[in-house]
Amino acid sequence: MDIQAQLKQAVAEAITSLYNLPVENVLIQPTKKEFEGLYTFVTFPLTKSTRKPPVEIGQAIGTYLKENTHLVSKFNVVQGFLNLSISDAVWVDEVSGMLADPHWGQLPSRNESVMVEFSSPNTNKPLHLGHLRNNFLGDSVSRILKASGYDVVKACLVNDRGIHICKSMLAYQEFGNGETPESTGMKGDHLIGKYYVWFDKAHKQQIEELIEEGMSKEEAEKKTPLLLKVQEMLRKWEQGDPETVELWKLMNSWVYAGFAETYHEIGVRFDKTYYESETYLLGKDVIEDGLQKNVFYRKPDGSVWIDLADEGLDQKLVLRSDGTSVYMTQDLGTTDLKFQDFPIQRGIWVVGNEQDYHFAVLFAILRRLGRPYADGLFHLSYGMVDLPSGKMKSREGTVVDADDLIEEMVETARNRTRDLGKIDDFESEEATLLYHMLAMGALKYYLLKVDPKKRMTFNPEESIDFQGHTGPFIQYTHARICSVLRKAEQLGVNPVGTLNSVELAESEQQLVYLLTQFVQRITEAGTDYAPSYLAQYAFELAKAYNQFYGELSILSEPNADKLKFRVALSKAVVETIRKSMELLGIEVPSKM
RNA sequence: GGUCCCGUAGCUCAGUUGGAUAGAGCAUCUGAUUUCUAAUCAGACGGUCUUUGGUUCGAAUCCAAACGGGAUCACCA
């Protein structure tokens, strides 16, 4: 049992013993740093039931804890706040315990499986900044859930069909001149993206022309020769026209090759990939099921609907009058498919908050259909990424391309490292790996440190910052500790085995205190689907270590027990930093 | 217009089920390297927690309204 839980129990005992009162939930909070102590119990809530002043209660409980437990070494009372100091022997034991625990940072199995769907790209354009937030969140949440004891299936649903895909296909047919990624030297996804943009431009031009000929804007938007052709192409694709399917396959293969490169760069992998071209027809049997259960109703024109007005969600179409699927139909079908394919109990979708309504409806429908998994579904709804200049708009060309961004970050990492003269050979393979590690560390940390639910601003200048509240700051601290540990090893200091109790400085107590919070932070990050908790935690830990490092000497400490403890503490911190960062999908260097 | 989300330092963000004088980073200024990595550390400056009212021992946090910003309300995905 961790210290905080032990304290809670001890305080509860104290209250029962001193006042003979039933105790519900004892609240222990961290002590504010201007007061002595690390844990604080607030006595205000007890004033009513005990009819005693808050200070007296604090004194009584403090005295009880000091006399009856081995935990508390001293205490002080400020108004209704009882501040508790933990004895150094307890802290020292905590550190030995962590180092001896082979499962440090891995919670026991819950015998429960969960699927996390994320990334889910369109095959008509390259990945951009918004996708990066999605990918980093999905990947990190998967890691956090795994550490929390769940079995995790990482899934990706590729949006590889539909009218938007046909647009780049048509543009390629019209203007492509048989270009290929090889002939142009372009990454496949960028090449396809180019045609998607071409289509959009040409289409707009045709709209203008039609308007000049006297057509209304609304009509013109639906009647351009290009749009009619694209609709024809989609029909052909759905009928399996060999030529169309051939082109579709060819162009998608280029896109996938491009995506594979980017996924490799950002270190994201999936256990299962679904393709919409294979799943878009699913869901019609779900519609039948719903009609039979009277969850859905059919309108005279043949379209099928659900009425969720009593849940504040309005009426929603689930099948078109011509019998074809809409987005909702497909999602109903793929959700069933996921739960057939894998022995999972829960499903998570990492999708932007512009789809909040869609998922509210999806989950409501599945509940009404009585799906056994319906209560285990969650939409991890994240906020959009803005630029300092405002929203990213593809039409105005303000979208930040993922590959470009990564390249820029690597370049910055290389320049910084050179300017600081940090390593010997700047062109070695090791150096290249380091630049990549730092670049991805900066980028991932920048996007993950913010609460996922919140809309965030991406400031290019800040994102490449390597100082302060950044990934590289934490990576640096890791490298710094590794350096100390290497030297300790040369000196023959071995931090395993029991540690003798020593007197600790405040910065040391603070560090151990933070370490003991690790498991709780993982748990909270898992239940709230919030990698930002661990990002904050890793930063706090690194900062606390740097403070300790600046104040105290480790290797030239004359007292052998203290020296050994500090090396052990450093080892526990380096492990915990590494694991925290790993949960964010960020690698850490041993030198930088 | 209906529904939902957001509003904390000049900027970017933390702030656990309501607790002490609201915290970090960046930016600005000052100091620290004969000593384990200065991509670091110490310090200064910086606040009407959008506003108003309510709940109570106690509110950035809960409730209500107003103002400001965003999303969504397709036989699109």
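**Exercise 1. Place Thr31 in its surroundings.**

Task: Find which backbone nitrogen lies 3.1 Å from a polar atom of the side chain of Thr31, and describe where Thr31 sits.

Solution.
Step 1. The backbone nitrogen of Tyr39 is 3.1 Å from a polar side-chain atom of Thr31. A polar contact is a pair of N or O atoms within 3.5 Å; within protein, one must be able to donate a hydrogen and the other to accept it, and residues adjacent in sequence count only if both atoms are side-chain atoms.
Step 2. Thr31 belongs to the loop between E1 and E2. Helices (H or I, at least four residues) and strands (E, at least two) are DSSP runs, numbered from the N terminus.
Step 3. Thr31 has a relative accessible area of 12%, so it is buried. Buried means under 20% relative accessible area, exposed over 50%, partly exposed in between (1.4 Å probe, protein chains only).
Step 4. Leaving out residues up to four places away in sequence, Thr31 touches Glu36, Gly37, Leu38, Tyr39, Thr40 and Asn83. Contact means heavy atoms within 4.5 Å.
Step 5. Thr31 and Phe41 are 10 residues apart in sequence; their C-alpha atoms are 8.8 Å apart in space.

A word on the source: this is a predicted model, where local features need pLDDT of at least 70, side-chain atom pairs count only at pLDDT 80 or more, and totals for chains, interfaces and linings use all residues. Residues are numbered from 1 along each chain as its sequence is written, chains are lettered from A and ligands numbered from 1 in the order in which they are written, and side-chain values use heavy atoms, with hydrogens and water left out.

**Exercise 2. Describe chain A as a whole.**

Task: State how many helices and strands chain A has, and how its domains are assigned.

Solution.
Step 1. Chain A holds 23 helices and 14 strands.
Step 2. Its C-alpha trace spans about 90 × 65 × 45 Å along the principal axes.
Step 3. Chain A has 592 residues, and 52% of them count as buried.
Step 4. Take contacts in chain A between residues at least 6 apart in sequence: 73% of them join residues at least 24 apart.
Step 5. The assignment gives domain 1 (3-86), domain 2 (162-255) and domain 3 (402-583). Such bounds come from an automatic or database domain assignment.
Step 6. The centres of domain 1 and domain 2, taken over C-alpha atoms, are 70 Å apart.

**Exercise 3. Read the surface near RNA strand B.**

Task: Work out which residues come nearest to RNA strand B, and which element gives the largest share of the surface.

Solution.
Step 1. There are 66 residues around RNA strand B; Leu27, Asp301, Arg320, Lys391 and Lys422 come nearest. A residue is near a strand if one of its heavy atoms lies within 4 Å of it.
Step 2. Sort the residues of this surface: 27 are nonpolar, 20 polar and 19 charged. Ala, Val, Leu, Ile, Met, Phe, Trp, Tyr, Cys and Pro count as nonpolar, Asp, Glu, Lys and Arg as charged, and the others, Gly among them, as polar.
Step 3. Helix H19 gives the largest share, 7 residues. Elements that supply at least two residues include strand E4 (81-86), helix H16 (402-420) and helix H22 (531-551).
Step 4. Now turn to the RNA atoms within 4 Å of the protein: 60% belong to sugar or phosphate, the rest to bases.
Step 5. Pick out single atom pairs. A polar side-chain atom of Lys48 is 3.0 Å from a phosphate oxygen of RNA strand B. A side-chain N or O atom of Asn83 is 3.0 Å from a base nitrogen of the strand. For Glu276, a side-chain N or O atom is 3.4 Å from a sugar or linking oxygen.

**Exercise 4. Compare Lys154 and Arg51.**

Task: Decide whether Lys154 is buried or exposed, then do the same for Arg51.

Solution.
Step 1. Lys154 is found in strand E6 (residues 151-158). Its relative accessible area is 14%, so Lys154 is buried.
Step 2. A polar side-chain atom of Lys154 lies 3.3 Å from the backbone oxygen of Arg269. Beyond its neighbours within four places in sequence, the contacts of Lys154 include Val116, Phe118, Asp139 and Asp271.
Step 3. Arg51 is in the loop between helix H2 (46-50) and helix H3 (54-68). Its relative accessibility is 76%, so Arg51 is exposed.
Step 4. Check the backbone: phi of Arg51 is near 55°, a positive value in a residue other than glycine. Most residues other than glycine have a negative phi.
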